[in-house]
Amino acid sequence: MRTSIVEQLRTKELARGQMAICSLGQAGFILKADDGTFAIIDPYFSDYCEQTIGYSFKRLMPCLVEPEEVDEIGLSAYLITHPHEDHFDPIGIRAMRDTAFPFFAPSSVVNQLGELGIGGDRCHPLRIGDEASAGGWRFEAIFADHGELAPDAVGFIIRASGRTICHMGDTCFNAEEWAKLNRRFDINLLILPINGKFGNMNEAEAADTVALVAPKKAIPCHFWMLPGNSGGDVLEFLRLAETRAPETDVLLLTQGEIYVLE
Ligand SMILES: Nc1ccn([C@@H]2O[C@H](COP(=O)(O)O)[C@@H](O)[C@H]2O)c(=O)n1
């Protein structure tokens, strides 16, 4: 029998200064710090999108981690960038009602967390510029523009193990804001959407984003999971990023792959 992803993550040994990054598909990632603690961002566990939007939103990649397993790893923080179902999954959240870890999300999400049975004391609303911490993890909500579909959407700067990760959430391209990120942060890893739908950057804009933010490494996300919300030519993104941001290593993570960031 194959060892579960959660067990692989739990037993993964990290040296000081390392962080493990595991892709869950779409925009979902589990992160492990060198002190053995975990954070999760935007996991999509269920088939809620298909149930509520329709067959074109059927998930094409299996769910590799069950919501019930998330608690087993001793999560320090659960981050959500905006209230769309492929980032904020009501079925998954409901299954986690009896857990204790804190949630960090925009107010529109926090309101819905309450309706799903998550106690208010566990929910921390964040607006762009707000900072928070949980255990050894530090977060800052950063600019994202997902249009009228999600007016209070944010991205996150996530810090632990002495590393700085930027998960951009769902956003369109904004050269000025990306230059600001470059000035303010020394980003070890940038995670960004390339699907070019519902107001998100496409592959060419994403490659320009990598060039402007200038992270050490970048991982594209938000493609291939839901046909109605896919798009984004991964090969073209790789080609363009290599040309426009030659200093950045672009990585493709298989769903369930655990990458160790040095
Ligand atoms: N027919 C549709 C298409 C889309 N939506 C909503 O848009 C969201 C887009 O998802 P993101 O990943 O870009 O946040 C989708 O999840 C739906 O909320 C819809 O309702 N009906």
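Student: Which residues does UniProt list for "domain: Metallo-beta-lactamase"?

Tutor: This is a predicted model, and the annotation comes from a record. In an unreviewed entry, UniProt lists residues 41-223 for that domain. In the model, the span is 24% helix and 23% strand. The C-alpha atoms at the ends of residues 41-223 lie 16 Å apart.

Student: Which residues are around the ligand?

Tutor: A residue counts here if one of its heavy atoms lies within 4 Å of the ligand. That gives I53, F57, H82, H84, E85, D86, H87, H146, D170, F198, H222 and N229. By type, this shell divides into 3 nonpolar, 6 polar and 3 charged residues.

Student: How do I read polar contacts, and which atom of the ligand lies 3.2 Å from H87?

Tutor: A polar contact is a pair of N or O atoms within 3.5 Å. For H87, a polar side-chain atom lies 3.2 Å from an oxygen atom of the ligand. The side chain of H146 has an N or O atom 3.0 Å from a ligand oxygen. For N229, the distance from a side-chain N or O atom to an oxygen atom of the ligand is 3.0 Å.

Student: How much of the ligand's area does the protein bury?

Tutor: Taken alone, the ligand exposes 470 Å², and the protein buries 75% of that.

Student: Where does the ligand sit?

Tutor: The ligand sits in the second largest pocket.

Technical notes:
Residues numbered from 1 in each chain as written. Predicted model: local features only at pLDDT ≥ 70, side-chain atom pairs only at ≥ 80, totals over all residues. Heavy atoms only, no water. UniProt positions renumbered as here; feature names shortened; annotations may be inferred. Helix = DSSP H or I, 4+ residues; strand = E, 2+ residues; numbered from the N terminus. Polar contact = N/O pair within 3.5 Å; in protein donor to acceptor, adjacent residues only side chain to side chain. Areas by Shrake-Rupley, 256 points an atom, 1.4 Å probe, with all protein chains shown as cover. 1 Å grid on protein atoms, 1.4 Å probe; cavity = no way out; pocket = protein on both sides within 12 Å on 5 of 7 lines; lining within 4 Å. Sits in = over half its atoms within 2 Å of the grid points. Nonpolar A, V, L, I, M, F, W, Y, C, P; charged D, E, K, R; others polar.
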